[in-house]
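Me: Could you walk me through this model with some questions and answers? I would like the cut-offs spelled out as we go.

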Amino acid sequence: AHNLKHMFQLALVLLTGLLIKGGDVLESLAKIKIAAFDKTGTITRGEFCVEEFQTVGGRVPMQQLLYWVSSIESRSSHPMASVLVDYAQSKSVELKSDNVTEFQIYPGEGIYGEIDGEGVYIGNKRILSRASCETVPDMKDTKRVTIGYVACKEELIGVFTVSDSCRTGSAEAIKELRSLGIKSVMLTGDSAVAAAYAQNQLGNILDEVHSELLPEDKVRIVDELKAKYGPTLMIGDGMNDAPALAKADVGVSMGVSGSAVAMETSHITLMSNDIRRIPKAIQLARRTHRTII
Ligand code: ADP
Ligand code: MG
């Protein structure tokens, strides 16, 4: 029976492109009423494009700023990190990750690193308060970008904007879920503006959009969805999604680009990152479930 189960699971991986951990997962999948999607790297590709990069204040020149940012980001696995590294490289700035003497991740906010004896924070608005930085600059609101800040010595030293786009299959997956009677919502750590832009790109098909969330906020909302709608599926790629993936009745992680901790915590890993596999798997689970009963 054990071997048979293994064969069944292997067949499932090949058929569905999903790595399903545990026998009860299909049963839970058949009962799902609502799906909560992370945005960055899940609904969107997580392949950012740097639109603008500016120094602020004049204390730290551009070359040094890019050297600091790329060296510290080289220690991060966030989707935004690699594009900042590439950007610095395209400006002929060499990164030195060995010079980063301390490194800290603040999920849903950004990162902190010590380089050449200076402490540097990189992230969203939340990271500025962590850096005890009071000046939040007025950025011209381009509606579709994520704004990043760099702070050092309680002072803003850089601002950048990056953009991302939705995966081709995202809207289709959400529509298919709807046809199965399943609602879809977005839970993101990104800004309200960036979240609204993604919702717009999807054709406004998400039932709810929640933005500027910390990892614990995602957990709380998953809990609320469970209470309000019933069995809840959560899908995400980041370490900031891991607690919410664990809280959901079914947690789904991204296999190609996802963080290790998200994959460990989830019940299902999408081997190809194709979220259209989720409605397919739910259909399959419903059928299998019926056959077994
Ligand atoms: P989402 O929940 O949509 O996947 P995240 O929680 O991963 O988004 O990130 C939330 C925000 O935190 C990002 O939009 C970004 O502004 C900031 N952030 C997180 N990690 C980093 C990083 N390594 N470098 C810069 N900014 C970061
Ligand atoms: Mg993410």
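Reply: Happy to. A nonpolar core here is a set of buried Ala, Val, Leu, Ile, Met, Phe, Trp, Tyr and Cys residues joined through C-beta atoms within 7 Å. A residue is buried if 20 or more other C-beta atoms lie within 10 Å of its own, exposed if 12 or fewer, and partly exposed in between, with C-beta atoms placed from the backbone. This is a predicted model, where local features need pLDDT of at least 70, side-chain atom pairs count only at pLDDT 80 or more, and totals for chains, interfaces and linings use all residues. Residues are numbered from 1 along each chain as its sequence is written, while chains are lettered from A and ligands numbered from 1 in the order in which they are written.

Me: Which helix gives the most to the largest nonpolar core?

Reply: That core has 83 residues, and Leu29, Ala35, Ala36, Val69 and Ala151 have the most contacts inside it. Helices (H or I, at least four residues) and strands (E, at least two) are DSSP runs, numbered from the N terminus. With six residues, the top contributor to the core is helix 4 (residues 62-73).

Me: Where does this core lie with respect to the domains?

Reply: Domain bounds come from an automatic or database domain assignment, which gives domain 1 (2-44 + 167-292) and domain 2 (49-163). Both domains give residues to the core, so it lies between domain 1 and domain 2.

Me: Which helix gives the most to the side of domain 1 that touches domain 2?

Reply: The C-alpha centres of the two domains lie 30 Å apart. Their contact takes 15 residues from domain 1 and 10 residues from domain 2, where two residues are in contact if their C-beta atoms, placed from the backbone, lie within 7 Å. Helix 3 and helix 8 each supply at least two residues of the domain 1 side. The one giving the most, with three residues, is helix 8.

Me: What do the buried residues of helix 8 pack against?

Reply: In helix 8 (residues 192-201), the buried residues are Ala194, Ala195, Tyr197, Ala198 and Gln199. They pack against helix 3 (39-43), strand 7 (146-152), strand 9 (183-187) and strand 10 (208-210).

Me: Is strand 9 largely enclosed or open, and which residue of strand 9 is the bridge partner of Phe37?

Reply: Four of its five residues are buried, so strand 9 is largely enclosed by the rest of the structure. Strands pair if DSSP finds at least two bridges between them; strand 9 pairs in the parallel sense with strand 10 over three bridges. Five bridges join strand 9 to strand 2 (residues 34-38), also running parallel. There, Phe37 has as its bridge partner Met186.

Me: How many residues of the shell around ligand 1 are charged?

Reply: A residue is near a molecule if its C-beta atom, placed from the backbone, lies within 6 Å of it, and 23 residues surround ligand 1, the closest being Thr40, His78, Asn124, Thr188 and Gly189. Ala, Val, Leu, Ile, Met, Phe, Trp, Tyr, Cys and Pro count as nonpolar, Asp, Glu, Lys and Arg as charged, and the others, Gly among them, as polar. The shell has four nonpolar and 14 polar residues, and the number of charged ones is five.

Me: Which helix gives the most to that shell around ligand 1?

Reply: Domain 1 and domain 2 both give residues to the shell, so it lies between them. With three residues, the one giving the most is helix 3.
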